[in-house]
Amino acid sequence: MRILVDENMPYARQLFSEFGQVEAISGRDLTPSKLKNVDGLMIRSVTKVNEALLTEANKLSFVGSATIGTDHVDKSLLMSRDISFVNAPGCNAHSVADYLISALFVLAQQHQFNLRDKTVAIIGVGNIGTRVIDKCEALGINYLLCDPFKAPADAFRQYVSLEEAARADIITFHVPLTRDGQYPTFHMVDEAFLSALNPGTVLVNASRGEVIDNKALYRVLSQGKQLPTVLDVWENEPHVMAELLPLVELATAHIAGYSLEGKARGTEMIYQAFADHCGRRVSQHLEDFLPHPEIAGFNLGQPPTPEIVQRLVHAVYDVRRDDKLFREHALAGKGFDWLRRFYPERRELSSAVITGNPSVTSLQLAPLYQLGFSRPD
Ligand SMILES: NC(=O)c1ccc[n+]([C@@H]2O[C@H](COP(=O)([O-])OP(=O)(O)OC[C@H]3O[C@@H](n4cnc5c(N)ncnc54)[C@H](O)[C@@H]3O)[C@@H](O)[C@H]2O)c1
Ligand SMILES: O=C(O)[C@H](O)[C@H](O)COP(=O)(O)O
């Protein structure tokens, strides 16, 4: 059996070689001839799976994408050719939610506000949005939910319209990229949306670049409207709109989901699906591969204050590291894809175990566990 795996997929070679011959490829540069006599194709979001790519795919029976987003894959084409398709829902949800919290702490510091006085609108309440809810609750931050697909069937939570959500202090997008249907997300943030926002509204996009019309954002920000903006994703990646970058407060290279756990979980999920597809049982597990984290945990000598919580989060992941690398390399230096291919190791909050000395009660530590840190065994 021949299997192609994206070179930016941790542990893929080790996992998939139990099924046959594995070749690592640069996902963005994959050409049709590479797919001749290939049985399985394991990709990330940079590989567009369409008619043109599959012209020489004479044996392909399985495509696995180690991502939650699927806007890069023509699923009906795969179905029409009897090629199985699997993605990895939820694999990197904790990672994206960690990214958001790290970014909000930075903005709160820079703009001198208290997150507990703010309301966060969560647009898209799926795997990531749900993790964001947990983190907001852990930190005592108010939130609004906007998800027209979830709202009708969810008896436990209240939802608001996008117009109401736009009045929140912080708006964070966790939607798929869609162009059709009643609630398409392509350019859901356009000039009209941006113009209606209250000055000072914080915008975070860690979903897909095309959810925000980048030209409109540039126009509005360059006219002087204060909208502190965090962009992890950009229209036309890997080509970032250069003029927009200086106007964005935190800028990163589509790495919100790039914790080692997030990426590795994606690989493991499609490995398991491929084993099922082949009628085999998996023999390897993620925990056999993940290295011990550099920071194994923290022992608190006092109950966690908001300042301590922020320090703990930033000790595990500080988004300013990635913002700095982005500004150095995304446009003029090594480039957007290099930043992603050689992404420095980053672990999820769950990699750090929190304990406290006897004066710290487990009740006082509970919000840290809800935030994503681990409890001792
Ligand atoms: N930056 C990154 O590294 C990164 C990582 C993971 C995911 N993503 C992106 O984030 C998206 C969300 O990820 P997820 O794991 O939460 O996906 P998910 O499928 O679990 O959740 C998406 C939610 O968005 C809702 N939705 C769809 N259209 C909407 C609209 N018009 N308005 C409001 N809500 C809408 C859906 O009903 C669903 O509940 C992915 O599709 C992907 O594009 C980016
Ligand atoms: O949809 C996702 O899961 C993420 O956006 C995606 O995984 C980001 O990484 P990429 O696949 O582009 O390497």
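Colleague: Of the 34 residues around ligand 1, which come nearest?

Modeller: This is a predicted model, and the answer should be read with that in mind. The shell around ligand 1 holds 34 residues, which divide into 17 nonpolar, 13 polar and four charged. Of these 34, the ones that come nearest to ligand 1 are G69, G124, G126, F149 and G257.

Colleague: Which helix gives the most to the shell around ligand 1?

Modeller: Two helices, α3 (93-110) and α4, each supply at least two residues of that shell. The largest helical share of the shell around ligand 1 is three residues, and the helix that gives them is α4.

Colleague: How do the residues of the shell around ligand 2 divide by class?

Modeller: The residues around ligand 2 are N8, R44, S45, V46, T67, I68, G69, N92, H254 and G257. Glycine counts among the polar residues in this scheme, and with that convention the shell around ligand 2 divides into two nonpolar, seven polar and one charged.

Colleague: At what angle do α3 and α4 pack, and how far apart are their axes?

Modeller: In the contact between these helices, A93, H94, V96, A97, L100 and I101 in α3 meet N127, I128, R131, V132 and K135 in α4. By class, this contact of α3 with α4 has seven nonpolar, two polar and two charged residues. The crossing of the pair is right-handed, and α3 and α4 pack at an angle of about 50°, with their axes 8 Å apart.

Colleague: How is α4 oriented relative to helix α12?

Modeller: Helix α4 (residues 127-139) packs against helix α12 (residues 362-371) at an angle of about 160°, and their axes are 8 Å apart. Angles over 145 degrees count as roughly antiparallel, so α4 is, relative to α12, roughly antiparallel.

Colleague: Which residues in α12 are met by α4?

Modeller: The crossing of α4 and α12 is left-handed, and the residues of their contact divide into four nonpolar, one polar and three charged. From α4 the contact takes in D134, K135, E137, A138 and L139, and the residues they meet in α12 are P367, Q370 and L371.

Colleague: How many charged residues are in the contact of α3 with α9?

Modeller: The axes of α3 and helix α9 (residues 306-316) come within 10 Å and cross at roughly 125°, which makes α3 oblique to α9. The crossing of α3 and α9 is left-handed, and in their contact I101, S102 and F105 in α3 meet Q310, V313 and H314 in α9. By class, the contact of α3 with α9 has three nonpolar and three polar residues, and the number of charged residues is no more than none: there are no charged residues.

Colleague: Where does P238 lie, given that the peptide bond from E237 to P238 is cis?

Modeller: The peptide bond that leads from E237 into P238 is cis, and its omega is near 10°. As for its place along the chain, P238 lies in the loop between β10 (229-231) and β11 (250-251).

Colleague: What is the phi of D82, a residue that is not a glycine?

Modeller: D82 lies in the loop that runs between α2 (75-80) and β5 (84-86). Although D82 is not a glycine, its phi is positive, at about 60°.

Colleague: What is the radius of gyration of the protein, and what does the globule rule give for 377 residues?

Modeller: The protein has twelve helices and 13 strands. Its radius of gyration is close to what the globule rule gives for 377 residues, so the protein is as compact as a globular protein of that length; the two values are 21 Å and 21 Å.

Colleague: What box do the C-alpha atoms of the protein fill?

Modeller: The box is taken along the principal axes of the protein. Along those axes, the C-alpha atoms fill a box of roughly 60 × 55 × 50 Å.

Methods
Residues are numbered from 1 along each chain as its sequence is written. Chains are lettered from A and ligands numbered from 1 in the order in which they are written. This is a predicted model: local features need pLDDT of at least 70, side-chain atom pairs count only at pLDDT 80 or more; totals for chains, interfaces and linings use all residues. Axes are lines fitted to C-alpha atoms, for helices over the stretch in contact, and angles run from 0 to 180 degrees between N-to-C directions. Helices (H or I, at least four residues) and strands (E, at least two) are DSSP runs, numbered from the N terminus. Angles under 35 degrees count as roughly parallel, over 145 as roughly antiparallel, 65 to 115 as roughly perpendicular and the rest as oblique. A crossing is left-handed if the near helix is turned anticlockwise from the far one by less than a right angle, and right-handed if clockwise. Two residues are in contact if their C-beta atoms, placed from the backbone, lie within 7 Å. A residue is near a molecule or strand if its C-beta atom, placed from the backbone, lies within 6 Å of it. The radius of gyration is taken over C-alpha atoms; the globule rule is 2.2 Å times the number of residues to the power 0.38.
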